[in-house]
Amino acid sequence: RALAIERRGPDFVIGSLEILAGTLREADRFDEARDAYAEELARLAAAGVETRRVGALAHMAWTEILAGRYDDAESLLEGSLALAEELRTDATRATVHRALLDALRGRMDVADAECRRDAAVAAGDAWVGALYARALGAHEIAIGDAARAADLLRDARDVWAGFGIFEPNYMRVDADLVEALVMAGRLDDAAAALASFQERSARSRLPWSVATAARARAVLLDRAGDPAAALAVLDDAATVTAALPLPLDRARTALVRGTALRHLRRVREARVALEEARATFAALPSPPWEARAVAELARLGGRAAVPDALTPAERQVAAMAAAGRSNREIAEVLVISVRTVESQLSSVYAKLGVRGRAALGPALAADEGAGRE
């Protein structure tokens with residue numbers, strides 16, 4: 001209603017529009033959030049308020065990170081950082097979101113993120129320090145360092161609680177915190193964190209909170225030795241989870257389901273769930289999470305679909321790299337970002353078991369030969 005009033009003014013720039021866009025994102029209504037951000041960016045450009053566009057681009061990138069549109073997020077962050085450099089203005093928001101995106105794509109500069117976090121805390125900026133802690137926590141939980149992830153995510157949650165931020169969908173750390181505590185063997189702490197998460201998420205019943213609280217509870221139940229109860233919890237939340245507009249979280253739920261099914265020795269069903277998780281992680285792409293799914297598939301034993309097969313996009317990038325093209329040349333030909341090329345090559349190296357470009361040609365030939373067999 002406020003926005004409807006403001007739009008009547010000829011000089012209206014943002015006002016309630018910025019708040020509305022963020023609120024739509026927090027409510028998992030990403031298409032509407034995109035429209036609101038697009039209108040905000042257009043109005044800022046028309047009014048010549050370029051400094052505000054730096055933050056708006058970064059906020060829109062956070063929306064795309066959640067929505068699993070990593071290439072779009074990459075482009076928005078590059079635009080935000082370039083504009084900030086041109087205007088000589090602060091680009092912290094874009095930088096912290098870049099750290100999170102890099103964590104999910106398996107290419108995070110951990111030392112740099114830790115330095116930036118320490119600098120923010122030393123400067124008295126607890127909010128930015130918590131944002132970096134969230135990004136570092138996402139990296140640690142993806143690679144399996146549960147104890148470190150739990151400490152980082154707990155610190156971030158506590159900072160935001162100090163600011164009065166209790167709605168789980170706002171900063172989205174609670175599910176990761178519970179899972180990290182479970183992975184670290186701190187089950188009592190995990191149960192307490194889960195109880196708080198469920199109590200707060202019950203107030204708004206937003207899709208992410210419902211689905212990820214169920215996943216966190218299932219992780220705890222499975223670790224406590226009751227995989228059947230874990231599956232029942234996931235089944236209760238299945239409708240919400242299936243409609244969740246966040247592919248990373250849907251895939252992580254499939255990973256948890258597959259693990260519980262494996263513990264129940266329901267191998268065929270476990271393989272289906274784990275293959276679904278692996279394929280989604282690969283499509284994003286998120287190599288660290290894909291590696292987690294591949295490892296879980298390997299525990300099933302027996303004959304399985306090849307989990308480390310190159311995607312068509314990866315094979316195309318790998319062939320061009322093997323032919324001697326630089327990352328920038330590949331990016332220009334395929335109309336993608338250099339960082340996407342880097343991410344795909346990292347995945348290719350891991351899947352083919354090679355360390356660099358020099359070994360790509362023979363490895364690709366051997367892989368194609370194995371595929372024909």
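Is W160 buried or exposed, and at what relative accessibility? In this predicted model, W160 has a relative accessibility of 1% and therefore counts as buried, the limit being under 20%. The legends below begin with the aromatic residues around this side chain.

**Figure 1. The aromatic cluster formed by W127, W160 and F163.** A search of the whole structure finds 4 aromatic pairs. In one of them, the ring centres of W127 and W160 are 6.1 Å apart and the ring planes meet at 65 degrees, so the arrangement is edge-to-face. Because W127 belongs to helix 8 and W160 to helix 9, this pair ties together parts that are 33 residues apart in sequence. W127 is also buried, as its relative accessibility is 19%. A further edge-to-face pair joins W127 to F163, with 5.1 Å from centre to centre and 80 degrees between the planes. This second pair links distant parts of the chain, 36 residues apart: W127 is in helix 8, whereas F163 is in the loop between helix 9 and helix 10. F163 has a relative accessibility of 48% and so counts as partly exposed.

**Figure 2. The charged end of R134 over the ring of W62.** The view centres on the side chains of R134 and W62. The charged end of R134 lies 4.4 Å from the centre of the W62 ring.

**Figure 3. Helix 11 and the helices that cover its buried residues.** Helix 11 spans residues 174-183, and 9 of its 10 residues are buried, so the helix is largely enclosed by the rest of the structure. The buried residues are D174, A175, D176, L177, V178, E179, A180, L181 and V182. Their cover includes helix 8 (126-143), helix 9 (146-162) and helix 10 (168-171). It also includes helix 12 (187-204), helix 13 (207-223) and helix 16 (247-263). Just after helix 11, G185 adopts a positive phi of about 80 degrees.

**Figure 4. The surroundings of D176 in helix 11.** D176 counts as buried because its relative accessibility is 13%. When residues up to four places away in sequence are not counted, D176 touches I141, L153, R215 and R252. Among these contacts, the view therefore brings together two arginines, R215 and R252, with the acidic residue in helix 11.

**Figure 5. The packing of helix 12 against helix 13.** The two helices pack at an angle of about 160 degrees, and their axes are 10 Å apart. Helix 12 and helix 13 are therefore roughly antiparallel to each other, a term that applies to angles over 145 degrees. Helix 12 passes helix 13 in a left-handed crossing. On the helix 12 side, the contact is made by L187, A190, A191, L194, F197, Q198 and S201. Helix 13 contributes W208, S209, T212, A213, A216, R217, L220 and R223.

**Figure 6. A191 of helix 12 and V178 of helix 11.** A191 lies in helix 12 and takes part in the contact with helix 13. A191 counts as partly exposed, since its relative accessibility is 36%, whereas V178 is among the buried residues of helix 11. The C-alpha atoms of A191 and V178 are separated by 7.6 Å. Along the chain, A191 and V178 are 13 residues apart.

Conventions: Residues numbered from 1 in each chain as written. Predicted model: local features only at pLDDT ≥ 70, side-chain atom pairs only at ≥ 80, totals over all residues. Heavy atoms only, no water. Buried < 20%, exposed > 50% of the residue type's maximum accessible area, 1.4 Å probe, protein only. Helix = DSSP H or I, 4+ residues; strand = E, 2+ residues; numbered from the N terminus. Contact = heavy atoms within 4.5 Å. Phe/Tyr/Trp six-rings, centres within 6.5 Å; stacked < 30°, edge-to-face > 60°. Lys NZ or Arg CZ within 6 Å of the ring centre and 35° of its normal. Axes fitted to C-alpha atoms, helices over the stretch in contact; angles between N-to-C directions. Parallel < 35°, antiparallel > 145°, perpendicular 65-115°, else oblique. Left-handed = near helix turned anticlockwise from the far one by under 90°.
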